[in-house]
Amino acid sequence: MLRYFLIRLGQSLALMFGVLLLVFMMLRVTGDPAALMLPREASAAEIEAFRERMGFNRPIIVQFVDFLSKAVVGDFGESLHFRTPAMTLVTQRLPATVELAATGLLFAVLIGVPIGMMGGLKPGSAADSLARLLALMGQSIPNFWLAMLMILFFGVQLRWFPTFGRGAWNSVVMPAFVLGLPVMGQIVRLTRSTVLEIRSEDFVRTAYSKGLEPPVIYLKHILRNASIPIISVIGVQFGYMLGGSIYIETIFAWPGMGQLLQLAIGWRDFPLVQAIAIFTSTVVIALNLLTDLVYAIIDPRIRYGF
Amino acid sequence: MAIILEVRDLKTRFYTVDGVVHAVNGVSFDLAKGETLAIVGESGSGKSVSVMSLLRLIPMPPGRIESGQALFYGSDGPKDLLRLSQKELRDIRGGAIGFVFQDPATSLNPILTVGEQIIEIITRHLHLSRHEARERALQLLASVGIPDPEVRLGCYPFQLSGGMRQRVMIAIAIACNPQIVIADEPTTALDVTVQAQIVELFKRLRQELGMALIWITHDLGIVAGLADRVMVMYGGRPAEVALVDELYDHPLHPYTIGLLGALPRLDVDESRRLVSIRGTPPDLMIPIQHCPFAWRCDYAFPRCWEEIPPLVEVRPKHMAACFFDIERGEPRHDGN
């Protein structure tokens, strides 16, 4: 178990190094960083002064070591727009994004897993038709379009929820629903197909032959075995959701990282974009590591290295 | 001897997209208390489906039990297994009737410990506390010949050998003192040496616990030293039912004779060619209105193509479903 964990941790750190290298290269190797970061009308003297100040005139390897040593303590320089540390801007936006992503994921899992299970346990039933319909809708409805329809109907017509911003407790409902819908669709489809497959395994017949009650068979024997692919999808999707959704945060004016990223790109605020990219990558890698650990907890064959 | 299970005219079909599979077409048999009945037949003869139908352990849909009766004489009077409610059925499954399946590698849940899989059936049926159930699980593992039960209890199935896994399955089957154990080809997936150990284990447990045993197999070789009685099945019907020695000494159905001819023997000196039965088993998609073995039978005569031969007692306690009198070498004239 420890060996498994250390290997996965090593892989994650290597991946993290790769991400840092890539982000570093994007700015410094693909062109003149000063030209990218300064306004077009900057004079040659201003550019030279900027290079001196940012250290762009040093050898590239020195710059990379400097970049790395700052990156590990979360220092990605100052935002060009706000003149404050980029990482502070990211962490300020974090609670809003976490709130949105967690609510969206909770909704996707709490609805997706039970409906997918009902569909997989009774293929061809009414519950199964509902499962397949939800899977199809979740994965095919464009969420920016759905977001606008929901704003019109539930926000403007019915006045149930605020149409934008993060304020009252219920302001998270619509953006979280829209964000979670495609994930729910994917979870429904995956749960259904995995449960359908595991339902006909020999050990499930054994469970029936023991006279166990159906809820015990469904949860302990079928769902537990079906949960590995479901958890891997949850891990990956939650990573994406925590990166902040540009569309949804923009449509609902949700003050999260997605919206910040969209603004930062517009302002050509390179240090800020860098900070968001690296932060998001770290979150995705950390979640993948966590997912691998959860696998090992559920499946002893992984834990014992089979 | 007192009867524990009485099956009459069981019919099971599978309604698949390709058509209706007539898997079991009228099976009747009795099982006495403490008796071992072997059900023998080739793949697709309906031997597993007929027994699994009794406790509705076939996939439904597509499977459907069309008719029949299965009286189980348990501690509280006779009950028709085919007409029990789901709840009553669950009380019998794993309680009064235990199961051992063919492949222990896939029949145990891969992500639960062996102990958990034994304890869950004990707490389900015997109303013991978890601690008491654990004690019982340890005793069970010891009684099925697993060394170091305390350690094995915490093992996962993939950490055990095939033979050990099958012993765990057997521990599960006998966990709640069943009156019947149904073993569906319990040795087929195992090495030959392990097969012998498992057969010996069953013999010992049968004696210790006094349970009746239904042993489903395609291997007549294993049956000889184990079963009291044998039912040979063909095309979803019983072809011949007899006490085991009687069946080996006086097989009456041409199919049984064919099966015995295909069996290697160590007790016969002369070098003898193994004889295979020509042809293939019947296609169960088509309902057959004559003897299902007629296509492959050397003795078939016109009547065999006109009616289904009923299972009748030809010699004492020896029933066969055949119109031809093998011993006299001519069709029967006694009204059958």
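**Exercise 1. Helix 12 of chain A**

Task: Establish which residue takes a positive phi just after helix 12 of chain A, and what the buried residues of that helix pack against.

Solution. Step 1. In this predicted model, Arg268(A), just after helix 12 of chain A, has a positive phi of about 55 degrees.

Step 2. Helix 12 comprises residues 257–266, and its buried residues are Met257(A), Gly258(A), Gln259(A), Leu260(A), Leu261(A) and Ala264(A).

Step 3. These buried residues pack against helix 5 (86–121), helix 10, helix 11 (246–251) and helix 13 (270–298) of chain A.

**Exercise 2. The make-up of chain A**

Task: Determine how many helices and strands chain A contains, and what share of its residues counts as buried.

Solution. Step 1. Chain A has 14 helices and zero strands. Its pattern along the sequence is accordingly written α-α-α-α-α-α-α-α-α-α-α-α-α-α.

Step 2. The C-alpha trace of chain A spans about 85 × 55 × 30 Å along its principal axes.

Step 3. Chain A has 306 residues, of which 44% count as buried.

Step 4. Consider the contacts in chain A between residues at least 6 apart in sequence: 72% of them join residues at least 24 apart.

**Exercise 3. Two packed helices in chain A**

Task: Describe how helix 1 and helix 4 of chain A are arranged, giving the angle and the distance between their axes.

Solution. Step 1. Two packed helices are described by the angle between their axes and the distance between the axes.

Step 2. For helix 1 (residues 2–28) and helix 4 (residues 60–71) of chain A, the angle is about 130 degrees and the axes are 11 Å apart.

Step 3. An angle between 115 and 145 degrees falls outside the parallel, perpendicular and antiparallel classes, and helix 1 and helix 4 of chain A are therefore oblique to each other. Helix 1 passes helix 4 in a right-handed crossing.

Step 4. Helix 1 of chain A contributes Phe17(A), Leu20(A), Leu21(A), Phe24(A) and Arg28(A) to the contact, while helix 4 contributes Ile60(A), Gln63(A), Phe64(A), Phe67(A), Leu68(A) and Ala71(A). By class, nine of the contact residues are nonpolar, one is polar and one is charged.

**Exercise 4. A pair of helices in chain B**

Task: Decide whether helix 7 and helix 8 of chain B are roughly parallel or roughly antiparallel.

Solution. Step 1. The axes of helix 7 and helix 8 (residues 192–209) of chain B come within 11 Å and cross at roughly 20 degrees.

Step 2. Because angles under 35 degrees count as roughly parallel, helix 7 of chain B is roughly parallel to helix 8 of chain B. The crossing is right-handed.

Step 3. The residues of helix 7 in this contact are Gly163(B), Gln166(B), Arg167(B), Ile170(B) and Ile174(B); those of helix 8 include Val194(B), Gln197(B), Ile198(B) and Leu201(B). The contact has eight nonpolar, three polar and one charged residues.

**Exercise 5. Two buried residues**

Task: State where Ile222(A) and His318(B) lie, and whether each is buried or exposed.

Solution. Step 1. Ile222(A) is in helix 10 (residues 214–242) of chain A, and His318(B) is in strand 12 (residues 318–320) of chain B.

Step 2. Buried means under 20% relative accessible area. Ile222(A), at 1%, is therefore buried, and so is His318(B), at 0%.

Step 3. Leaving aside residues up to four places away in sequence, Ile222(A) touches Leu121(A), Val195(A), Ile198(A), Arg199(A), Val204(A) and Ile217(A). With the same exclusion, the residues that His318(B) touches include Glu240(B), Glu246(B), His250(B) and Glu313(B).

**Exercise 6. Backbone geometry**

Task: Identify where the peptide bonds into Pro61(B) and Pro62(B) lie and whether they are cis or trans, then describe Arg83(A) and Arg159(A) by their phi.

Solution. Step 1. Most residues other than glycine have a negative phi, and most peptide bonds are trans.

Step 2. The bond from Met60(B) to Pro61(B) is cis, with omega near -15 degrees, and the bond from Pro61(B) to Pro62(B) is cis, with omega near 5 degrees. Pro61(B) is in the loop between helix 1 (47–54) and strand 4 (63–74) of chain B, as is Pro62(B).

Step 3. Phi is positive for Arg83(A), near 60 degrees, and for Arg159(A), near 55 degrees.

Step 4. Arg83(A) lies in the loop between helix 4 and helix 5 of chain A and is exposed at 52% relative accessibility. Arg159(A) lies in the loop between helix 7 (143–157) and helix 8 (173–199) of chain A and is exposed at 67%.

Terms used: Residues are numbered from 1 along each chain as its sequence is written. Chains are lettered from A and ligands numbered from 1 in the order in which they are written. This is a predicted model: local features need pLDDT of at least 70, side-chain atom pairs count only at pLDDT 80 or more; totals for chains, interfaces and linings use all residues. Side-chain values use heavy atoms; hydrogens and water are left out. Axes are lines fitted to C-alpha atoms, for helices over the stretch in contact, and angles run from 0 to 180 degrees between N-to-C directions. Helices (H or I, at least four residues) and strands (E, at least two) are DSSP runs, numbered from the N terminus. Angles under 35 degrees count as roughly parallel, over 145 as roughly antiparallel, 65 to 115 as roughly perpendicular and the rest as oblique. A crossing is left-handed if the near helix is turned anticlockwise from the far one by less than a right angle, and right-handed if clockwise. Contact means heavy atoms within 4.5 Å. Ala, Val, Leu, Ile, Met, Phe, Trp, Tyr, Cys and Pro count as nonpolar, Asp, Glu, Lys and Arg as charged, and the others, Gly among them, as polar. Buried means under 20% relative accessible area, exposed over 50%, partly exposed in between (1.4 Å probe, protein chains only).
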